[in-house]
Amino acid sequence: IRCSNLEVLSLANNQIVTLPNSLSELRRLTKLNLSHNHIQHVPACVYSMRSLVFLHLANNRLENLADKIQELVNLKILIVEQNSLQALPRTLCCLTGLELLNVDFNRLQSVPDEIYKLRRLEKLACHPLDKGLHIVHNPLVKPIKEVLQGGLKALYNYLKPA
């Protein structure tokens, strides 16, 4: 790839299913938009993009996030709304720099107990541009809606080991 200095890449709205491994050479990429495609699994090359701060995967066909998500240590914004996620990997909770995590409109029934480690998610967010945790639009069984009504602090207290 001759675009090794590329910092922002948007491939949104292209019916993409996967990406070539050669894109892992984009070491300076800080923003990647893959929204509105046909992606079922996060392409392996994305997990090599360690400089990513912003990863937009909304409106795809994602069924899971790999444990390798923890390798994106600089990630501040992760948007995976409108997919088919049924669970979040515990390793997601290693991304302590996350300021916005949007997992709305998936099939999540629970969240990892360790999600309280994501201290920079300061509130349960409703407006799409708000920082925080976007999660209420899921068929959650754990935590129950009553806990979420108490806000993020109530969620963390519910999940945190005694």
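**A guided tour of the protein chain**

Residues 24 or more positions apart make up 34% of the contacts in the protein chain that have a separation of 6 or more, a contact being heavy atoms within 4.5 Å. The model is predicted, so local features need pLDDT of at least 70 and side-chain atom pairs count only at pLDDT 80 or more, while totals for chains, interfaces and linings use all residues. Residues are numbered from 1 along each chain as its sequence is written, and side-chain values use heavy atoms, with hydrogens and water left out.

**Select the whole chain**

Display the protein chain as a cartoon: two helices and six strands make up its secondary structure. Read from the N terminus, the order of elements is β-β-β-β-β-β-α-α. The chain is as compact as a globular protein of its length, because its radius of gyration of 16 Å is close to the 15 Å that the globule rule gives for 162 residues. Helices (H or I, at least four residues) and strands (E, at least two) are DSSP runs, numbered from the N terminus. The radius of gyration is taken over C-alpha atoms, and the globule rule is 2.2 Å times the number of residues to the power 0.38.

Along the principal axes, the C-alpha atoms of the protein chain fill a box of roughly 50 × 25 × 25 Å. Of the 162 residues, 47% count as buried (buried is under 20% relative accessible area, exposed over 50%, partly exposed in between; 1.4 Å probe, protein chains only).

**Select residues 151–159**

This selection is helix H2, in which Gly151, Leu152, Leu155, Tyr156 and Leu159 are buried. Add residues 132–134 and 145–149 to the view: the buried residues of H2 pack against strand E6 (132–134) and helix H1 (145–149).

**Select aspartate 104**

Aspartate 104 sits in the loop between E5 and E6. Is aspartate 104 buried or exposed? With 3% relative accessibility, aspartate 104 counts as buried.

Show the side chain of aspartate 104 and look for two backbone nitrogens. One of its polar atoms lies 3.2 Å from the backbone nitrogen of valine 136. The backbone nitrogen of histidine 137 is 3.0 Å from a polar atom of the aspartate 104 side chain. Leaving aside residues up to four places away in sequence, aspartate 104 touches Glu81, Gln82, His134, Ile135, Val136, His137 and Asn138.

**Select threonine 91**

Move next to the loop between strand E4 (77–79) and strand E5 (100–102), where threonine 91 is placed. The relative accessible area of threonine 91 is 15%, so this residue is buried. Which residues does threonine 91 touch, not counting residues up to four places away in sequence? They are Ala66, Asp67, Ile69 and Gln70.

**Select glutamine 15, then asparagine 59**

The final stops concern the backbone angle phi. Glutamine 15 is not a glycine, although its phi is positive, at about 60°. Its place is the loop between strand E1 (8–10) and strand E2 (31–33). Glutamine 15 has a relative accessible area of 61% and is therefore exposed.

Asparagine 59 is also a residue other than glycine with a positive phi, near 55°. Look for asparagine 59 in the loop between strand E3 (54–56) and E4. At 28% relative accessibility, asparagine 59 counts as partly exposed.

Methods
A polar contact is a pair of N or O atoms within 3.5 Å; within protein, one must be able to donate a hydrogen and the other to accept it, and residues adjacent in sequence count only if both atoms are side-chain atoms.
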